[in-house]
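Colleague: I am new to this model and would like a close look at a single part of it. Please take me through the main nonpolar core, then the turns and loops around it.

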Amino acid sequence: MTKPSLDILLCAPRGFCAGVVRAIDAVEKALQVHGAPVYVRHEIVHNKYVVENLKRKGAVFVRELDEVPDGDAPVIFSAHGVPKSVPEAALARRLFAIDATCPLVTKVHREAQVHYKRGRHIILIGHAGHPEVVGTMGQLPEGATTLIETVDDIARLQPADESNLAFVTQTTLSVDDTQDVVDALKARFPDIVGPHKEDICYATTNRQGAVKRVAPLVDAMIVVGSPNSSNSQRLREVAEREGCPVVRLILRADDIDWSLFGDIRRLGITAGASAPEVLVEEIIDAFAERYEVSVESVSTADESVFFPLPRELREQAAE
């Protein structure tokens with residue numbers, strides 16, 4: 001049988017960002033230097049494929065530090081960041097801790113700390129329960145930060161001093177939704193202080209920009225990523241908002257529901273910042289078994305950002 005033709009538009013940029021590359025490299029470098037096991041608090045990044053691959057190499061993922069035995073084995077903190085109490089607990093137990101927090105998340109932590117020292121109450125725009133939000137709120141004493149998720153939450157804010165507020169944001173939010181919340185915050189609290197440079201990271205912004213370009217041009221869109229990945233979920237939402245009739249977030253080719261893609265002629269594919277390119281290729285190969293595919297890259301930004309390994313691993317490499 002003759003296979004139907006299918007044009008695949010590949011969003012660029014897509015997939016791994018500099019912070020994810022740094023975090024994964026930190027685990028692999030620690031395994032290379034120290035051997036297995038290397039302990040990792042929470043998922044190093046939100047991608048099951050990546051986590052399982054590191055497990056096979058000797059990484060042990062734990063929920064909390066009390067699961068890490070005493071000894072010399074390294075314990076690595078994930079790219080999402082951790083509350084201050086976590087490295088303090090590691091220091092108290094004399095664990096060899098390696099902080100793989102994305103530098104752009106660390107930037108938000110420092111902003112919040114500066115605002116607090118200047119006596120401001122901090123409004124954090126983010127998703128409740130996300131590890132990055134837990135880590136950012138955990139930089140300051142309880143009560144110093146108020147979390148909001150939507151414009152509707154702003155009406156319920158009752159700050160003690162409306163003239164002495166600041167806001168920071170989770171780095172992986174929807175650019176458009178966050179701007180709506182920021183605009184509403186500024187409308188209600190004209191004196192509120194924001195970051196000098198927006199907190200949503202370059203990778204989130206760039207990947208959403210590429211989806212905005214491609215989504216209106218295709219019959220269906222696949223976002224490669226894990227369901228618990230915030231930036232991947234935001235890519236799905238952006239594609240839906242741009243009018244793409246079929247949008248699915250999937251981890252890999254086995255998850256494709258082929259009944260949704262029967263008569264499409266153009267397919268868009270992107271990948272969240274923690275999804276490896278091998279999974280994108282796997283999905284393209286799966287479509288190539290059923291369609292005569294042509295692949296075109298649609299680029300909206302060039303990325304050259306690089307973050308060095310955490311200081312602890314750089315020092316060991318120098319030694």
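Modeller: Here is a walk through the core, with a few stops in the loops afterwards.

A word on the basis first: this is a predicted model, in which local features need pLDDT of at least 70 and side-chain atom pairs count only at pLDDT 80 or more, while totals for chains, interfaces and linings use all residues. Residues are numbered from 1 along each chain as its sequence is written, and side-chain values use heavy atoms, leaving out hydrogens and water.

Now to the core. A nonpolar core is a set of buried Ala, Val, Leu, Ile, Met, Phe, Trp, Tyr and Cys residues joined through side-chain atoms within 4.5 Å. Buried means under 20% relative accessible area, exposed means over 50%, and partly exposed lies in between, using a 1.4 Å probe and protein chains only. The largest core here has 25 residues, and those with the most contacts inside it are Val 27, Val 40, Ile 44, Val 45, Leu 54, Phe 61 and Ile 76. At least two of its residues come from each of α1 (18-34), β2, α2 and β3 (59-62), and α1 gives the largest share, 7 residues. These helices (H or I, at least four residues) and strands (E, at least two) are DSSP runs, numbered from the N terminus. A second, separate core has 24 residues, including Ala 220, Leu 251, Val 280 and Ile 283.

Leu 54 makes a good place to stand inside the first core. This residue sits in helix α2 and is buried, because its relative accessible area is 1%. Contact means heavy atoms within 4.5 Å. Beyond the residues within four places in sequence, Leu 54 is in contact with Ile 24, Val 27, Glu 28, Ile 44, Ala 59 and Phe 61. For a sense of distance, Lys 197 is 143 residues from Leu 54 in sequence, and their C-alpha atoms are 34 Å apart in space.

Follow the chain back from α2 (48-57) and you meet Asn 47, in the loop between β2 (38-41) and that helix. Asn 47 is buried too, because its relative accessible area is 1%. Its side chain reaches the backbone nitrogen of Val 50 at 3.1 Å. Setting aside neighbours within four places in sequence, the contacts of Asn 47 include Gly 225, Ser 226, Ser 274 and Pro 276. Leu 251 is also in contact with Asn 47, and that leucine belongs to the second core.

The loop between β2 and α2 also holds His 42. His 42 is not a glycine, yet has a positive phi of about 65°. At a relative accessible area of 24%, His 42 is partly exposed.

Two cis peptide bonds lie in loops that flank α1. One joins Ala 12 and Pro 13, with omega about 5°, and Pro 13 is in the loop between β1 (5-12) and α1. The other runs from Ala 36 to Pro 37, with omega near 0°, and Pro 37 lies in the loop between α1 and β2.

To finish, look at Arg 94, in the loop between α3 (85-92) and β5 (96-99). Arg 94 also has a positive phi, about 60°, without being a glycine. At 76% relative accessibility, Arg 94 counts as exposed.

Note on methods
A polar contact is a pair of N or O atoms within 3.5 Å; within protein, one must be able to donate a hydrogen and the other to accept it, and residues adjacent in sequence count only if both atoms are side-chain atoms.
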